[in-house]
Structures are given as structure tokens and as C-alpha cells.
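Thanks for coming. I have one structure to go through today, so please bring it up and keep it in view while I talk.

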Amino acid sequence: SVVRSAFCLLATFGGTAGLFALLGADFLAMAQVLIYVGGILALILFGVMLTQRSKTAFGHAPTARAIGTGLLGVVLTAALGIQLAFTAADNPMMLDKPVVDPAGQTRDIGELLMSTYILPFEMVSMVLLAALIGAAFLARRTQDREEA
């Protein structure tokens, strides 16, 4: 189902943000949460809710392709886990804190966004606002036509 896929996408975006946080890239982790989880995924869910449901019924019986894909996922996950275990055993410093100060990076990015790149930053926000208003207008107009 599309809604289930959207929630799996939420878990994927959350996992990516977690990886960024573990790597010490706090700005990228928060941007991932705010932009992708808070914005993009919400737009996808609204789009799913605003579209009409298909009249066709999909079967729920697993096919050979689905079973093969599931087995491939299990094998790749096991291979990744084994590789991670060997890498961590060979290099115990791998799990230490990062050398770079993340607070300094975030401050530098913020200063650049609010000084050098303020005009492109504001232009992107206006384009996104116009797109949101246009999408709401189109969805409302389509809904009004269906009711009439």
C-alpha cells in the first residue's frame, strides 16, 4: 500500500538522520529531519490522501520476485553486519567521537546562510511557498469540481 510505503520512507529518512548524527554531522542530521521528514514526507502523505483511490484490487499473495527480494535483503544485511563486526574489531577507534567540532560547522553554515547566501535562501523559500499555495489551490479546485 502507498501509505505503508510512505511510513517505510519515514523510517528510512529517520535512519539516515541517525547515521548523520553518529558521524558528527549535526547540521545534516537536523536538516534531514526538518526537510525530509517534516516537509517532503508530509507532502507525500498529503498527496496520497488527496488523490483518488484506484478501483483495482491488488493481490496479497507473495510472488517469487517478492520472496527473492526479501532473501536478497536478508543476505545483504547479514553481509553488512559481518563487515561492520570485522571492521570494528580491527579498528577500535572507529567508534570514538569525531575529531571535528560540529558546533563550529553549524555556526559557520548559519553565518553563511544569513550573510552571503541570504538572497538565494529567501528566493528558495518564496518558490516553495508559491508551490505550496498552487498545490492547495489545484487540490481545492479539483475537489470542488468533484462535488458539483
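Which residues on the other side of helix 1 are exposed? They are Arg4, Ala11, Leu19 and Leu22. Before I get to the side they are opposite to, a caveat: this is a predicted model.

Now the overall layout. The protein chain has 5 helices and 0 strands, and along the sequence the pattern reads α-α-α-α-α. Of its 148 residues, 7% count as buried. The accessible surface is about 12300 Å², and carbon and sulfur atoms hold 73% of that area. If you take the contacts in the chain with a separation of 6 or more, 57% of them are between residues 24 or more positions apart.

Back to helix 1. Its 21 residues should span 30 Å at 1.5 Å a residue, and the end C-alpha atoms are indeed 30 Å apart, so expectation and model agree. The buried residues here are Ala6, Phe13 and Ala17. Looking down the helix axis, these buried residues fall within an arc of 40 degrees, so they line one face of the helix. What do they pack against? The answer is helix 2. After helix 1 comes glycine 24, which has a positive phi, near 85 degrees.

Next, helix 2. This helix has 25 residues, and the distance from its first C-alpha to its last is 34 Å, close to the 36 Å expected at 1.5 Å a residue. Helix 2 also has a kink of about 25 degrees, centred on tyrosine 36. Its buried residues are Ala29, Ala31, Gln32 and Leu41, and they pack against helix 1. That is the reverse view of the packing I described for the buried residues of helix 1.

I want to spend a minute on one of these residues, glutamine 32, which sits in helix 2. Is glutamine 32 buried or exposed? Its relative accessibility is 8%, and the cut-off for buried is under 20%, so glutamine 32 counts as buried. Setting aside neighbours within four places in sequence, glutamine 32 is in contact with Phe13, Thr16, Ala17, Phe20 and Val37. Two of the names in that list, Phe13 and Ala17, you have already heard among the buried residues of helix 1. For a backbone distance in this region, take glutamine 32 and glycine 18: they are 14 residues apart along the chain, with their C-alpha atoms separated by 9.3 Å.

Last item, aromatics. A pair of aromatic rings is described by the distance of the centres and the angle of the planes. How many aromatic pairs are there in this model? The count comes to 1. The partners are phenylalanine 13 and tyrosine 36, with ring centres 5.2 Å apart and planes at 45 degrees, so the pair is tilted. Phenylalanine 13 belongs to helix 1, residues 2-22, and tyrosine 36 to helix 2, residues 26-50; the two are 23 residues apart, and the pair links distant parts of the chain.

What about the exposure of each partner? Phenylalanine 13 has a relative accessible area of 14%, so it is buried. Tyrosine 36 is at 37% relative accessibility and therefore counts as partly exposed. Recall that tyrosine 36 is also where the kink in helix 2 is centred, and that phenylalanine 13 is one of the residues in contact with glutamine 32.

That is what I have. Questions, please.

Conventions
Residues numbered from 1 in each chain as written. Predicted model: local features only at pLDDT ≥ 70, side-chain atom pairs only at ≥ 80, totals over all residues. Heavy atoms only, no water. Phe/Tyr/Trp six-rings, centres within 6.5 Å; stacked < 30°, edge-to-face > 60°. Helix = DSSP H or I, 4+ residues; strand = E, 2+ residues; numbered from the N terminus. Buried < 20%, exposed > 50% of the residue type's maximum accessible area, 1.4 Å probe, protein only. Contact = heavy atoms within 4.5 Å. Expected span 1.5 Å × (residues − 1). Arc of directions from axis to C-beta. Areas by Shrake-Rupley, 256 points an atom, 1.4 Å probe, with all protein chains shown as cover. Bend = angle between axes of the 7 residues up to and from the residue.
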